[in-house]
Amino acid sequence: MKKREENSRQDSLNNFEAQFKRSTIPLLVLQLLSEHEMYAYEMIQETLKRSDGVYKMPLLYTVLNKLEEQGCVRKSRQEVSEGNRVRVYYAITDEGLDYLAELKQLYALLSDTIRTIVYQS
Amino acid sequence: MKQSERINFYIDTYVEKVRRELYSLAPSEEFLKALRETLSDYADLNPDCTLEDLIEQFGPPEMVAKDFLGDTKELSPSKVAKRNRKRALIIGILVVLLAAVLFYCIALSQQTQSKGVLELNVQEGSDVIEETVE
């Protein structure tokens, strides 16, 4: 019984993490691309490095597709890698920069609110 | 086994596991291609990686498949409802056609039976005539 409760709690925590990442990945992707163009795995690596291994990004296929449909990013160039594979680089658009600014504002507001309620009360 | 062959084997295994977890519920060739490319990029920087390392880095295949299916438009409620309606319509048409064919076969069979009785009667009638003539 206790083990089942522990498993259920762990599932909830995992779900919380997954939902949090689902919400914040577009923000991170746009932030990285606002610095310079990157390919998908490069973004995953860079986020891992900057977060000291804390933020492990999932695959970016659907996020990049959605941002491309929204006009926030575009495929900027293709490059043949060492393994003879085609690497697709993405760049942010002007609409993407505007959206990034809005996202940053919203994230700052929401995270400050959560911090106030959870940690300072 | 060479290192490159070993890594390709792990990548193929991982991609295949994800493919199976998709249950062909949505078009996914582009997604699996992108998955393979990302795994290969990871393997380029981690040439000693194992299948377990791939799972550790990118998550269990069933989770990867679940995330993709969760985000794909193909499984949006409106699309699923439309697909179900189309399927119901096709099944309805097939049932009607099957019923029509069945009734036609029954009618044909009954027609053949009654034609056979008529011929028998005619035959019996001509025997009677012949007997009378003789």
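## A walk through chains B and A

Start by selecting B:Ser24, which sits in the loop between α1 (3-22) and α2 of chain B. Bear in mind throughout that this is a predicted model. Look at the backbone here: B:Ser24 is not a glycine, yet its phi is positive, at about 50 degrees. Is B:Ser24 buried or exposed? It counts as exposed, because it has 8 C-beta neighbours inside 10 Å.

**Chain B as a whole**

Now widen the selection to chain B. Its secondary structure consists of 5 helices and 0 strands, so if you colour by element, expect the order α-α-α-α-α from the N terminus on, with elements taken as DSSP runs. Chain B has 134 residues, and 15% of them are buried. Next, display the contacts in chain B with a separation of 6 or more: 69% of these join residues 24 or more positions apart.

**Where the chains touch**

Show both chains and pick out the contact between them. Chain B brings 15 residues to it and chain A brings 9 residues. On the chain B side, the elements giving two or more residues are α2 (29-45) and α4 (61-71) of chain B. Which of the elements gives the most to this side? Select α2(B), which contributes 9 residues. Colouring the chain B side by class will give you 7 nonpolar, 3 polar and 5 charged residues.

**Across to α2 of chain A**

Move over to helix α2 (residues 40-50) of chain A and select A:Ala40, A:Tyr41, A:Met43 and A:Ile44, which are buried. Looking down the axis, you will find that they cover an arc of only 160 degrees and therefore lie on the same side of α2(A). What do these buried residues pack against? Their partners are α1, β1 (38-39) and α3 (61-69) of chain A, together with α2 of chain B.

Step just past the end of α2(A) to A:Asp52, in the loop between α2 and α3 of chain A. This is another non-glycine residue with a positive phi, here about 55 degrees. A:Asp52 counts as exposed because it has 7 C-beta neighbours inside 10 Å.

**A buried cysteine**

For a contrast in surroundings, select A:Cys72, in the loop between α3 and β2 (73-80) of chain A. With 24 C-beta neighbours inside 10 Å, A:Cys72 counts as buried. If you draw a C-alpha to C-alpha distance from A:Cys72 back to A:Ile44, it comes to 18 Å, for two residues 28 apart in sequence. Leaving aside neighbours within four places in sequence, the contacts of A:Cys72 are A:Leu30, A:Leu67, A:Ile92, A:Thr93, A:Glu95, A:Gly96 and A:Tyr99.

**Last stop: two crossing helices**

Finish with helix α1 (residues 2-35) and helix α4 (residues 94-119) of chain A, whose axes come within 10 Å and cross at roughly 130 degrees. That angle is why α1(A) counts as oblique to α4(A). The crossing of α1(A) past α4(A) is left-handed. To see the contact itself, show A:Pro26, A:Leu27, A:Leu30, A:Gln31 and A:Ser34 from α1(A), then A:Gly96, A:Leu97, A:Tyr99, A:Leu100, A:Leu103 and A:Tyr107 from α4(A). By class, this contact has 8 nonpolar, 3 polar and no charged residues. Keep A:Cys72 displayed as well, since A:Leu30, A:Gly96 and A:Tyr99 are among the residues in contact with it.

Conventions
Residues numbered from 1 in each chain as written. Chains lettered and ligands numbered in written order. Predicted model: local features only at pLDDT ≥ 70, side-chain atom pairs only at ≥ 80, totals over all residues. Helix = DSSP H or I, 4+ residues; strand = E, 2+ residues; numbered from the N terminus. Buried ≥ 20, exposed ≤ 12 C-beta atoms within 10 Å, placed from the backbone. Contact = placed C-beta atoms within 7 Å. Nonpolar A, V, L, I, M, F, W, Y, C, P; charged D, E, K, R; others polar. Axes fitted to C-alpha atoms, helices over the stretch in contact; angles between N-to-C directions. Parallel < 35°, antiparallel > 145°, perpendicular 65-115°, else oblique. Left-handed = near helix turned anticlockwise from the far one by under 90°. Arc of directions from axis to C-beta.
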